[in-house]
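Visitor: Hi! Could you walk me through this one?
Guide: Happy to. Here it is.

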Amino acid sequence: MKTQTEIKALDRLKVINTGYDGGCGEIYFPAQREPMAVVWSFGGGWEHVSVSYRRRTPTWDEMCKVKDMFWNDEETVV
């Protein structure tokens with residue numbers, strides 16, 4: 001997972017809150033009317049990102065974009 005500093009610098013991410021092991025915010029994708037809610041954490045030996053919209057499930061393409069935002073190319077994400 002990218003560092004907290006790298007995550008905070010993402011141009012499509014509006015950070016709302018951060019803690020010692022993660023944070024939460026909103027991701028803005030072009031052509032989307034509403035932001036995607038996001039929570040990320042890297043504590044306890046786990047790296048995790050959760051995303052959601054109020055009215056629908058994120059698409060596979062959107063999930064791939066989120067993966068690229070939070071992890072480096074050489075990392076495997078399940």
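Guide: We can go through the pocket, the core, the cysteines and a few loop residues of this predicted model.

Visitor: Pocket, please. How much space lies in the largest pocket?
Guide: About 390 Å³. The lining has 15 residues, and those closest to the pocket centre are M63, K67, W71, V77 and V78.

Visitor: Which elements give two or more residues to that lining?
Guide: Those are strand β4, residues 48-52, and helix α2, residues 60-70. Helix α2 contributes the most, with five residues.

Visitor: And how do the lining residues divide into nonpolar, polar and charged?
Guide: There are 10 nonpolar residues in the lining of the largest pocket, along with three polar and two charged ones.

Visitor: Okay, switching to the largest nonpolar core. Which residues touch the most other members there?
Guide: That core has 16 residues, and the ones touching the most other members are L13, I27, V38, W40, V49, V66 and F70. As background, nonpolar side chains in soluble globular proteins tend to be buried together.

Visitor: Which elements give two or more residues to this core?
Guide: Strand β3, spanning 36-41, does, and so do β4 and α2. You may remember β4 and α2 from the pocket lining, where each gives two or more residues as well.

Visitor: Let's zoom in on V49. What does V49 touch, leaving out residues up to four places away in sequence?
Guide: With those left out, V49 touches M1, V38, V39, W40, V66, F70 and W71. W71 came up earlier, among the residues closest to the centre of the largest pocket.

Visitor: Now cysteines. How many disulfides does a search of the whole structure find?
Guide: Zero. A disulfide, just to be clear, is a covalent bond between the sulfur atoms of two cysteines.

Visitor: Is C24 buried or partly exposed?
Guide: C24 counts as partly exposed because its relative accessibility is 26%, and the buried class is for values under 20%.

Visitor: And C64, where is that found?
Guide: C64 is in helix α2. At 30% relative accessibility, C64 is partly exposed too.

Visitor: How far apart are C64 and S52 in space?
Guide: C-alpha to C-alpha, C64 and S52 are 14 Å apart, with their positions 12 residues apart in sequence.

Visitor: On to the loops. What is phi of A31 near?
Guide: Near 75°, which is a positive value in a residue other than glycine. A31 belongs to the loop between β2, residues 22-27, and β3.

Visitor: Is A31 buried or exposed?
Guide: Exposed: the relative accessible area of A31 is 81%, and the exposed class is for values over 50%.

Visitor: What about A9, where is that found?
Guide: A9 is in the loop between α1, residues 4-8, and β1, residues 13-19. A9 also counts as exposed, at 60% relative accessibility.

Visitor: How far is A9 from R56, C-alpha to C-alpha?
Guide: Their C-alpha atoms are separated by 27 Å, and the two residues are 47 residues apart along the chain.

Visitor: Last one: where does R56 lie, then?
Guide: In the loop between β4 and α2. R56 is partly exposed, at 31% relative accessibility. Not counting residues up to four places away in sequence, R56 touches Q32 and E62.

Methods:
Residues numbered from 1 in each chain as written. Predicted model: local features only at pLDDT ≥ 70, side-chain atom pairs only at ≥ 80, totals over all residues. Heavy atoms only, no water. 1 Å grid on protein atoms, 1.4 Å probe; cavity = no way out; pocket = protein on both sides within 12 Å on 5 of 7 lines; lining within 4 Å. Points joined across faces, edges and corners; volume = space filled by probe spheres on them. Helix = DSSP H or I, 4+ residues; strand = E, 2+ residues; numbered from the N terminus. Nonpolar A, V, L, I, M, F, W, Y, C, P; charged D, E, K, R; others polar. Disulfide = S-S within 2.5 Å. Buried < 20%, exposed > 50% of the residue type's maximum accessible area, 1.4 Å probe, protein only. Core = buried A, V, L, I, M, F, W, Y, C linked by side-chain atoms within 4.5 Å. Contact = heavy atoms within 4.5 Å.
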